[in-house]
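Open the model in your viewer and set it to cartoon view. The tour moves from one selection to the next, with a short note on what is there.

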Amino acid sequence: MSAPRFIIRHLTFSGPNVEEARLDLGPGLNIVYGASNTGKSFTAKALNFMLAGISKLPQTDEIKPFTAAWLGLTLPDGRDVTLYRSTKGGDFRLFEGLVSAEVGTPTALLGSADADKQDTVSHVLLDAIGWSGKVIVRNGDAEKENLKIRHVLPYVIVSETDIMSEANPVNHSRQHTNRTLESNLLRFILTGHDGAAAVTVVGRKEQRVANAAKLEIVDEWIAQIDGELGETPPDRKELSNQMKRLATTLAGLQDHLRAAQEQLDQLVAQRRSLLDQRREIEDRGGELALTLNRFTLLDQTYTNDLDRLQSLEESGFLLLARADRDCPVCGAPSNAQRHRHAPDEFGRAYSAAAAEVRKVRMEQRDLRRTMASLDAESSGLCTTAKRLWAEVQDIEKQIEEARPAETSLRSDFSAILEKQTELRRVEDLFLRRDRLVVRRSQIASSKPKKNEAKLSVGIDGPTAYALGRKVAEVLEAWKFPAAKEAQFDLETNDITIGGKVRADNGKGVRAILHAAFNVALLLYCREQKLPHPGFIVLDTPLLTYREPLTSRHGELSEDESRMKQAPVALSFYQHLSGLEDAQIIVLENADPPEGLEGAASVQVFTGREGDNRYGLFPPAKRLL
């Protein structure tokens, strides 16, 4: 997941009867280079102006035809907005989307920051990265100042003057009265902890009043405890002895209670097991009864079948027996009678009925043997069920006999435990009273004196070391000579190389070290999951690579000459182009080295009309 950050999308100037001047910027590395006096440094100041860092723009000849400035931003939540401000200064308007003309209904925002108001540019920008409502300690008395966006901008927009200055990059206001505030601001950025918890220092008179109030409160608490202890509080030695006796008694009762409870648990478990067995037997008995009922019906069916087959057998026998006799009705002899079935068929029917009778009788015998077996099993189950029920009744009796003893033990245990709790409460009251008496003595014996405690200012040693390591990593990536010797010095609030402070180097070295500090700060915040605006504007960080004969900054110093021999410029751009979740805007005079194609958005201000882009603004004659 990408880290929350701002992305500057465009800086645009517009005015009546004039072509707008627009500078589009990408989310990664942006390089704007070219001739002097073409608007590169003005771009840095304009960005500061549009983010409410400064109240006025330099009123150059180039800006005069333009009346409005537009800054397109992508906020950390992904929303695109545009800030509008008059080139003369004043308040802002916030438009939805990336625009350079009035579209829709804007939101009015104040340019000045006020902690009680949320309709300010400062609040909107700080709230977007989770910094709204933060306070920074501004002096040794722990007086606090609300964090404003202008406090943060010097860490992300570094002007040409500041980047090569001998002053350190932390105390950027150059005012001694702001040193505590600015040092604590760096601590907030690197740790995420503001000064809300700092306690304001009080004077000696206020201390005396506070001590008197404390004594009054402590005396009231002591009196309240005395009231709870009563007019005749117990003897503390006897209280301690009684507590020990109660502890011994409770331990013994707890053992007896545990044994009684275990006995009850065992009896209940046995009862449950017997009841489960009895229920299984009853279920089996029910199954047997149902089966016997069905078998009884089957036996009756066999009996009915036997009766039917016997009648068929007898009829066949009679027919067969009278087959050769005279007809009993008409007297006709057997040879004169006409039968549809021959006598042998009567014989076969008789034999079949007899065989079926034998088969049914055999199956009925098997059935009755099975029924006798099931009936015997059912009787046995009934006997077992009665025995189990008798055992359950016996266990129920044992439970009823054991329960009163367990209940009595539990009652005794609860009563003694309640007594122990009451004695502990009394003992606790004595201890609290002792502590209050000691505290009262301390307050009464303390004398107000001048506050000598000093609030911790700035970052601590481990944080300074970690920041210094991050600066060294950046410089190593840039192939800066002696990069491994880089440290962040707590006394000077600046970068040192092998113990040599940044201010003792030439302008070019000071510029590259200042740039490394700002980049390292962003990377440190990213690694520690801390908020950061997510963009950096560097005006002329590669000052070392100037041409001494044409630059207004003069000849190269010895350390600048050494650094110019190293491949810092190419490594500088390659490293910045590879940073994730960071927008870097580099404003330079010198051409960027070859090999950056596709790795950066590059724009050149030629200062020559008709040759690429003239500058931030078009030539004066094109403005008419």
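A disulfide is a pair of cysteine sulfur atoms within 2.5 Å. By that cut-off, this predicted model holds zero disulfides. Select two of the cysteines to begin. Cysteine 382 is partly exposed, at a relative accessible area of 41%. Cysteine 525 has 0% relative accessibility and counts as buried.

**The whole chain**

Zoom out. The protein has 624 residues, and 41% of them count as buried. Its secondary structure comes to twelve helices and 16 strands. Among contacts with a separation of 6 or more, 70% are between residues 24 or more positions apart.

**The parallel sheet**

Select strands 10, 14, 15, 3 and 16. In that order these five strands form an open sheet, and the pairing is parallel. Which strands stand at the edges? They are strand 10 (157-158) and strand 16 (601-605). Each has a single partner strand, so one side of each is left without a neighbour in the sheet.

Now keep strand 3 (residues 29-34) and strand 15 (residues 583-588) in view. The two run parallel and are joined by five bridges. Select tyrosine 33 and look across to strand 15: glutamate 588 stands opposite.

**Two helices on the sheet**

Add helix 10 (residues 507-527), which packs on the sheet and touches strand 10 and strand 14 (535-539). The direction of helix 10 makes about 180° with that of strand 14. Next add helix 12 (residues 568-577). Helix 12 also packs on the sheet, where it touches strand 3, strand 14 and strand 15. Its direction makes about 155° with that of strand 15.

Hide the strands and look at the two helices together. The axes of helix 10 and helix 12 come within 13 Å and cross at roughly 20°. That makes the two helices roughly parallel, since angles under 35 degrees count as such. Their crossing is left-handed. To see the contact, show the side chains of Ile512, Val519 and Leu523 on helix 10, and of Val568, Phe572, His575 and Leu576 on helix 12.

**Another partner of helix 10**

Select helix 5 (residues 179-191). Helix 5 and helix 10 pack at an angle of about 40°, with their axes 9 Å apart. The two are therefore oblique to each other. Leu186, Ile189 and Leu190 of helix 5 make the contact with Phe517, Leu521, Tyr524 and Cys525 of helix 10. Cysteine 525, the buried cysteine from the start of the tour, is thus one of the residues in this contact.

**A hairpin**

Move to strand 11 (residues 486-489) and strand 12 (residues 494-497). Four bridges join these strands, which run antiparallel. They form a hairpin with four residues between them. In the turn, asparagine 493 has a positive phi of about 55°.

Show the side chains of strand 11. Which of them are buried? Ala486 and Phe488 point to one face and are buried, while Gln487 and Asp489 point to the other and are not. Phenylalanine 488 stands opposite isoleucine 495 in strand 12.

**A covered helix**

Finish with helix 1 (residues 40-50). How many of its eleven residues are buried? Nine are, and the helix is mostly covered. Among the buried residues are Lys40, Phe42, Leu47, Asn48 and Phe49. Helix 1 is followed by alanine 52, which has a positive phi near 65°.

Notes: Residues are numbered from 1 along each chain as its sequence is written. This is a predicted model: local features need pLDDT of at least 70, side-chain atom pairs count only at pLDDT 80 or more; totals for chains, interfaces and linings use all residues. Side-chain values use heavy atoms; hydrogens and water are left out. Two strands pair if DSSP finds at least two bridges between them. Contact means heavy atoms within 4.5 Å. Axes are lines fitted to C-alpha atoms, for helices over the stretch in contact, and angles run from 0 to 180 degrees between N-to-C directions. Buried means under 20% relative accessible area, exposed over 50%, partly exposed in between (1.4 Å probe, protein chains only). Angles under 35 degrees count as roughly parallel, over 145 as roughly antiparallel, 65 to 115 as roughly perpendicular and the rest as oblique. A crossing is left-handed if the near helix is turned anticlockwise from the far one by less than a right angle, and right-handed if clockwise.
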